[in-house]
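Student: Please take me through a close look at one part of this model, starting from its surface and working along to the charged pairs. I would like one connected account rather than a list.

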Amino acid sequence: MSWVFLSLRKMQLKQRLSVYQNRLIQISQKLMDMQEMSAAVADGKITYQEATSAPSSVFGTQLNFLGQSSNIAYQSAQIKTNAYLQQMQAVNQATGGQYQYSLDPNSMTGYIQNGQVQPYLIFNNIYQEELKAYADQYAQELNRQEQDLEQEKLTLETQIKAIEAEYQAVSEQEGQNIENDAIKLS
C-alpha cells in the first residue's frame, strides 16, 4: 500500500518541477531581454532602430530611460554650462580679458566660431558626456539585476536537479513496492 503514497509524492514532485521549470524559462527570457536593453543603452542614446527592435517586455523601460536620461543630461548640462560661462566671464573680467588668450586653442577647438566661444557647443559637449554618464550608471544597475537573476537561475537549476533525482528515486521505490505488494500465484 505504500506505493500509493509514493505515487502521491511523485505527483507533488512533478508539479513542483513544472513550476520551477516555468520560472527558469521566465528568468532566461528576462535575462536575454535585459542584455538587449544593456546593449541599447550603452551609449546613452536609443536609436530608432534600437527602439523598434526592442523586445516588448523592455520597450517601455527603454522609453523611460530615453526620457529620464535626456532630461537629466539636459538639466545637468545647463547648470554646468552656465557655471562654466559665468566662471570664464569672471576670470576674464578679473584679468582684463587676458585669460581667454591663455587658453590652448587646441583645447577649445570646436567651441570657438568667429573668434568667440559658442555656449551651445560647450552645452552640447557637456550634454553628450552627461548622457554617457547616466547610461554608465544605468548599465551598472542593469548588471546588478542581471547578476541577481543569474543567481536565481543557478538556484533553480540546482533545485530542479534535486527534484529530478528525488523523482527518480521515488519512481524506483514505487516500482519495488508494487512488485512486493503484488499477489504472487504459485
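Tutor: Happy to! Let's begin with helix α1 (residues 2-41), which supplies the largest share of a nonpolar patch, 5 residues. Keep in mind that this is a predicted model. The patch lies on the surface and consists of Trp 3, Val 4, Phe 5, Leu 8, Met 11 and Ile 178, with about 560 Å² of accessible area together. Take Phe 5, a residue of helix α1, as an example. Its relative accessibility is 60%, so Phe 5 counts as exposed, the cut-off for that being over 50%.

Staying with helix α1, let's turn to charge. Side chains of opposite charge can pair when their charged atoms come close. The structure holds 7 salt bridges, and one of them involves helix α1: Arg 23 pairs with Glu 152, with 2.9 Å between the closest N and O atoms. Because Arg 23 sits in helix α1 and Glu 152 in helix α5 (residues 119-181), this pair ties together parts that are 129 residues apart in sequence. Both partners are partly exposed: Arg 23 has a relative accessible area of 32%, and Glu 152 has 30%.

Helix α5 also takes part in a salt bridge between Lys 80 and Glu 130, whose side chains meet at 2.6 Å, N to O. Here too distant parts of the chain are linked, since Lys 80 belongs to helix α3 and Glu 130 to helix α5, 50 residues apart. The two ends of this pair have different labels: Lys 80 is partly exposed at 42% relative accessible area, while Glu 130 is buried at 16%, the cut-off for buried being under 20%.

Next to Lys 80 in the numbering comes Thr 81, placed in helix α3 (residues 56-94). With a relative accessibility of 4%, Thr 81 counts as buried. Apart from neighbours within four places in sequence, Thr 81 is in contact with Pro 119, Ile 122, Phe 123 and Ile 126.

Finally, there is a pair within helix α5. Asp 148 and Arg 144 meet through their side chains in a salt bridge of 2.7 Å, N to O. They are 4 residues apart in helix α5, so about one helical turn separates them. Asp 148 is partly exposed with a relative accessible area of 43%, and Arg 144 is partly exposed with 39%. Shared partners extend this pairing, as salt bridges join Glu 141, Arg 144 and Asp 148 into one network.

Definitions and conventions. Residues are numbered from 1 along each chain as its sequence is written. This is a predicted model: local features need pLDDT of at least 70, side-chain atom pairs count only at pLDDT 80 or more; totals for chains, interfaces and linings use all residues. Side-chain values use heavy atoms; hydrogens and water are left out. Helices (H or I, at least four residues) and strands (E, at least two) are DSSP runs, numbered from the N terminus. Buried means under 20% relative accessible area, exposed over 50%, partly exposed in between (1.4 Å probe, protein chains only). Contact means heavy atoms within 4.5 Å. Patches are made of residues with over 30% relative accessible area and no salt bridge: like charges are joined within 9 Å, nonpolar side chains (Val, Leu, Ile, Met, Phe, Trp, Tyr) within 5 Å. Accessible areas come from the Shrake-Rupley method with a 1.4 Å probe; for residues, only the protein chains shown count as cover. A salt bridge is a side-chain nitrogen of Lys or Arg within 4 Å of a carboxyl oxygen of Asp or Glu.
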